[in-house]
Every structure is written in C-alpha cells, then in structure tokens.
Amino acid sequence: MTYRKTYRTLLAAASMLMVVQTAPVQADEFSDEDLARWQQEYLSVVGQGDKLFHGGLSSKNTVSCDQCHPNAANTHPETYPKFQRQLGRVVALWEMINWCIQNPLESELLAADDPRMIALQAYIVEERRGAVLEPGKH
Amino acid sequence: MHDNSRRKFLKQGGALLAAGTLSISVVELAFGKGSEDRFTFAYISDSHITQIKGNRFVRNWDRGLIRAVAEANLLDPRPDFVFYGGDIAQLGKPEEIDHGLEMLAGLRGKVHYVMGEHDYYLDLGDYWRKQLGPDHYSFDHKGVHFVVLNSILTHENWMHRKWDSGMDRMKQMARLDNPNGQPFMVGDTQRDWLKKDLEKVSKNTPIVVFSHSPLQKIYKGWNFWTDDAEQVQALLKPFDKVTVLYGHVHQIQTNQIGNISFQSAMATAWPWPYPATYKQQASYMPKLTVDMNRADPFFERDATGWQFIDVHSGRVDVNYLLPDNTNRTVAFDEKAGHPVDTKYQAEVNRIPPQKHY
Ligand SMILES: [Fe+2]
Ligand SMILES: [Fe+2]
C-alpha cells in the first residue's frame with residue numbers, strides 16, 4: 001500500500017516536472033543555443049568594429065584609428081566615464097571616440113546610437129577584456 | 001659624465017625650442033671646441049607623410065616634420081649631419097616620398113637615410129633608392145664607423161608572392177597590428193656585406209649602426225622586432241663600443257645587450273603606446289626603458305619629437321626634443337655600463353604620465 005502511494009506521488013511529481021519543461025519559455029530561461037547565438041551576434045559586431053577601426057570608417061584624411069592605437073591599445077575603455085580636461089566635463093567612451101574621429105581623422109561625428117559607434121566600442125572593449133573596471137581613472 | 005657647460009647648452013636649447021623663438025644667439029657654444037672626438041648630429045624619424053588626394057596631404061604629419069626640420073636648423077653648434085630614421089611616407093607613394101623630401105630639403109647640412117617599411121613595400125624600395133641611393137652603406141666620421149642597414153626586409157617568398165598590386169602588399173605591411181604580419185629581417189645578403197664591411201674596422205673603433213626596426217626582439221605582434229637580430233648582434237660583438245639607433249617604434253626605448261647599447265627615436269608624426277598596454281599578449285620591453293609620457297590626445301604634437309645626438313669618446317647620448325613635454329636625455333653612463341635617463345631613471349623619480357597601465 002504504502003509503496004503504491006509513494007509511487008503515485010512520484011509519478012505525479014514527475015509529470016509536473018514534464019509540464020514545466022514543455023511550458024512556454026519563461027523570461028529567465030535560456031538554452032545553449034541562445035548563448036551561442038548571443039555570443040555570435042556580439043562577435044560579429046566586434047568584427048565590424050575591427051574593420052571600422054582598421055580603415056573601414058570613411059575618413060576624410062585617410063587616417064585610421066589603428067595607426068595610433070594598434071590592437072586598440074591606449075583607449076582604456078575601463079576608465080570611462082571620466083573627466084577629460086579639455087572637454088571640461090565627465091564624458092562617456094563614445095564621446096572620446098568622436099573626439100578622435102573629429103580631430104586626428106578630420107571626419108564627421110557619429111551619433112551615440114549609430115551602429116558604427118556601437119561596433120567601435122565593442123571592438124575596443126573586446127581588445128581590453130580582462131582589464132579591471134577603473135571608472136574615472138586618468 | 002656631464003659637465004655643466006653641456007647641461008647649460010641643453011637646458012637653454014630646450015627652453016628656446018619649446019618657446020618657439022627663432023633667435024638662437026643666446027645659446028652658448030659650450031663644447032666641441034678642441035675636443036676632436038666630440039660631435040653632434042640630429043636624428044629625425046617616422047614622418048609618415050600621407051597623401052589624401054592630389055596635392056593634399058595630412059596636415060598633422062606635415063606639421064610634425066616641418067617643426068622638426070625648423071628646430072634642427074636652430075641647433076647651435078651645428079650638428080655635423082642629420083640622420084633620417086625611415087618611414088618618410090605612409091604608403092610609399094612617390095608623391096609622399098617627394099613631399100617628405102621637399103620638406104627635408106630645408107635641413108641645413110648633409111642628411112643620411114635609412115629605409116622604413118612604409119617606404120619599401122609598395123615597389124620594394126625602387127623609388128626610395130632612385131631618390132636616395134643604396135639602402136645599406138657605411139661611412140666614417142671623426143673616428144666613428146657608421147653603418148646603415150635595411151632591416152625591414154622579410155621572407156622573399158612573401159615579398160614576391162603574386163600580389164594584386166604593390167599597394168596590396170604595402171597595406172599588409174603598413175598595418176602594425178596585422179595578425180598576418182611578417183617579421184622584419186636584415187637577411188643573408190646584408191649580413192654577409194656587414195661582415196665584410198666590419199673586417200676592415202679595428203675593434204676599438206666605435207661603431208654606430210642605424211636601422212629602422214630595433215635590432216633586438218621586443219614585441220613580435222607589432223614588429224618591434226628583427227628576426228635575425230641575434231645574428232647581427234653577433235657580428236657586432238667583437239667591438240668595444242657599439243650603439244644601435246633605430247626608428248619605427250615611435251617611442252623611447254633604451255637597452256644594453258652585452259657591448260651593444262640600443263636607443264630608439266621618437267616619430268615626428270604620432271606616438272605609439274608601449275606594447276605592455278595591450279592586455280592580450282606578453283611583450284619584452286627592456287628594463288632600462290623609462291617610458292615616455294602618456295600622450296595627451298588634445299595636443300597633436302604631444303609624445304612626438306626628434307632628437308639630437310651627442311657622440312663623445314665613442315659613446316652616444318640621445319637628447320629627445322619633445323614639443324609639449326619636458327625634453328629628455330638618455331646618456332651612456334660609464335660607471336653603470338649602459339645608457340640611463342639622466343633625470344628619470346630611478347624608479348622614485350618617475351612622474352605619473354610615465355606610468356602606463
Ligand atoms: Fe613609423
Ligand atoms: Fe616603421
């Protein structure tokens with residue numbers, strides 16, 4: 001008797017688990033395929049940023065980012081937001097990128113949400129992965 | 001190591017140049033008189049003159065070279081000659097080389113040149129050699145034997161591969177952080193030539209070697225590197241006093257390997273970060289190097305510069321003239337047996353902008 005009861009309870013519990021598994025995906029759940037897809041989306045934007053950084057950004061004077069920042073060195077994304085003396089205020093990374101676009105490249109500013117601006121940031125941060133966040137540090 | 005008169009020369013010279021005055025009359029002729037074995041020469045490097053279109057060139061790089069030429073012309077006493085460390089052009093175009101040479105023609109006195117990879121890989125140096133002559137040679141000056149090497153060659157099969165165009169090949173080489181980059185080398189032919197050239201030189205004759213890339217291995221990822229560096233060093237080993245002066249790295253580097261001192265030149269165009277600032281790879285920056293100040297992007301000449309070089313008793317002191325920065329001197333210290341930064345060498349004397357991360 002007791003045995004049969006326990007068995008039934010187990011069965012019920014198991015079927016409940018099955019229900020959970022086949023239920024519509026809930027917000028906090030993701031699969032390996034999701035992870036793979038997100039990583040791939042990210043890396044493809046990093047790749048676009050890499051191209052833009054290495055001459056792909058239309059530059060009025062032909063100068064490109066990598067000429068002064070090989071492997072995006074000395075871009076220090078981990079220190080943003082931070083104070084830039086000559087701009088006189090605390091700025092975000094994309095504003096400093098625009099500064100370099102406008103000055104060394106003598107070219108047109110990009111909007112903050114321009115996909116190219118996002119791609120440039122993705123590439124810069126990817127090359128600097130592993131650096132400790134140090135906001136504000138000069 | 002430094003007598004006062006020389007220090008005075010540097011200090012006043014430096015202040016004067018920084019102020020941008022054209023009067024040089026207050027600079028005293030404090031040394032050189034009577035001392036046969038002491039002389040100076042100027043060293044300008046890496047101007048990367050870039051054609052935009054037609055007669056339009058990147059203003060920033062033009063300004064760097066124009067300024068270096070103007071300042072070098074102010075040196076008093078006059079340097080015996082000027083050395084140009086390579087990368088006149090960005091993409092090796094005749095227009096770029098011509099425009100660079102036009103500006104360099106403003107220099108008073110004789111100029112010697114070494115080939116940079118940005119001068120070479122479009123046409124394998126044809127136009128450069130047509131304008132400037134052989135890419136490796138030697139000469140003697142006041143008891144010092146000077147050697148110039150083309151150190152930016154690479155594997156023959158890569159250079160002579162079926163390229164769509166010379167420009168294709170140049171663009172591969174011009175990209176510093178190219179993951180498919182090729183290592184620089186001096187190569188057998190020049191090493192054989194060097195061996196023969198040095199046979200007629202006595203072992204106590206001071207030797208100064210000019211190359212574009214460092215004849216030592218620092219960081220392969222950016223070609224701060226020459227593949228056959230050890231073989232070249234071996235040829236230089238029998239001599240008492242050897243100094244290698246090189247461009248390419250756009251930053252101050254100092255080293256001593258055995259009897260050989262190594263000193264680099266700043267670029268007139270733009271500075272490069274030290275390889276250690278790239279987090280993903282290890283590099284081997286010589287410990288003797290005192291970092292140049294971190295560049296401030298808001299001053300376009302910051303962390304660029306040129307140098308004048310003081311040769312005495314066969315040793316070489318490099319004076320870095322840095323617009324928007326305090327000038328620096330890296331001089332050979334007889335006691336220590338290697339070059340030292342006369343102000344910043346001791347760790348406690350470093351200033352915050354020299355501490356990269
Ligand atoms: Fe260069
Ligand atoms: Fe170079």
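Over all chains of this predicted model, the salt-bridge count comes to 22. One of these joins the side chains of E78(A) and R128(A), with a separation of 2.8 Å from N to O. Because E78(A) sits in the loop between α3 and β1 of chain A while R128(A) belongs to the segment after α5 of chain A, this pair ties together parts of the chain that are 50 residues apart in sequence. The points below take up the contact between chain A and chain B, the two open sheets of chain B described here, the helices that lie on them, and some backbone features.

**Interface between chain A and chain B**

- The contact draws 33 residues from chain A and 26 residues from chain B, and the two chains bury about 2500 Å² between them, with 54% of that area on carbon and sulfur atoms.
- The count of salt bridges between chain A and chain B is 1, and it is formed by D296(B) with R85(A), whose closest N and O atoms lie 3.0 Å apart.
- Polar contacts across this interface amount to 15 residue pairs, counted where both residues have a pLDDT of 80 or more.
- On the side of chain A that touches chain B, the elements giving two or more residues are α2 (32–56), α3 (65–68), β1 (82–84), α4 (93–102) and α5 (115–127) of chain A.
- Sorted by class, that side of chain A consists of 9 nonpolar, 12 polar and 12 charged residues.

**The sheet of 7 strands in chain B**

- In chain B, 7 strands make up an open sheet with mixed pairing, and their order is β5-β4-β1-β12-β13-β14-β15.
- The edges of this sheet are taken by β5 (111–113) and β15 (338–341) of chain B, and since each has a single partner strand, one side of each is left without a neighbour in the sheet.
- Direction ignored, neighbouring strands of this sheet are turned against each other by 25° on average.
- At the β5(B) edge, strand β4 (residues 82–84) of chain B pairs with β5(B) in the parallel sense over 3 bridges, and within this part of the sheet F83(B) has H112(B) in β5(B) as its bridge partner.
- Helix α2 (residues 59–72) of chain B lies across β1 (38–44), β4 and β12 (306–312) of chain B, and the helix runs at about 165° to β1(B).

**The sheet of 6 strands in chain B**

- Another open sheet of chain B, again with mixed pairing, holds 6 strands in the order β6-β7-β8-β9-β11-β10.
- Its edge strands are β6 (137–141) and β10 (254–257) of chain B, each of which pairs on one side only, and the twist from one strand to the next averages 20°.
- Strand β6(B) runs antiparallel to strand β7 (residues 144–148) of chain B, the two being joined by 5 bridges, and H141(B) has V144(B) in β7(B) as its bridge partner.
- Helix α8 (residues 188–199) of chain B packs on this sheet, where it touches β6, β7 and β8 (207–211) of chain B, and its direction makes about 170° with that of β7(B).
- Helix α9 (residues 229–236) of chain B lies across β8, β9 (242–246), β10 and β11 (260–264) of chain B, and its course is at about 125° to β11(B).

**Backbone features**

- Most residues other than glycine have a negative phi, and most peptide bonds are trans.
- In chain A, a cis peptide bond with an omega of about -5° joins Y80(A) and P81(A), and P81(A) is placed in the loop between α3 and β1 of chain A.
- The loop between α3 and β1 of chain A also contains N71(A), which has a positive phi of about 55° although it is not a glycine.
- In chain B, the peptide bond from D76(B) to P77(B) is likewise cis, with omega near 10°, and P77(B) lies in the loop between α2 and β4 of chain B.

How values were computed
Residues numbered from 1 in each chain as written. Chains lettered and ligands numbered in written order. Predicted model: local features only at pLDDT ≥ 70, side-chain atom pairs only at ≥ 80, totals over all residues. Heavy atoms only, no water. Contact = heavy atoms within 4.5 Å. Buried area = accessible area lost by both parts, 1.4 Å probe. Salt bridge = Lys/Arg side-chain N within 4 Å of Asp/Glu carboxyl O. Polar contact = N/O pair within 3.5 Å; in protein donor to acceptor, adjacent residues only side chain to side chain. Helix = DSSP H or I, 4+ residues; strand = E, 2+ residues; numbered from the N terminus. Nonpolar A, V, L, I, M, F, W, Y, C, P; charged D, E, K, R; others polar. Pairing = 2+ DSSP bridges. Axes fitted to C-alpha atoms, helices over the stretch in contact; angles between N-to-C directions.
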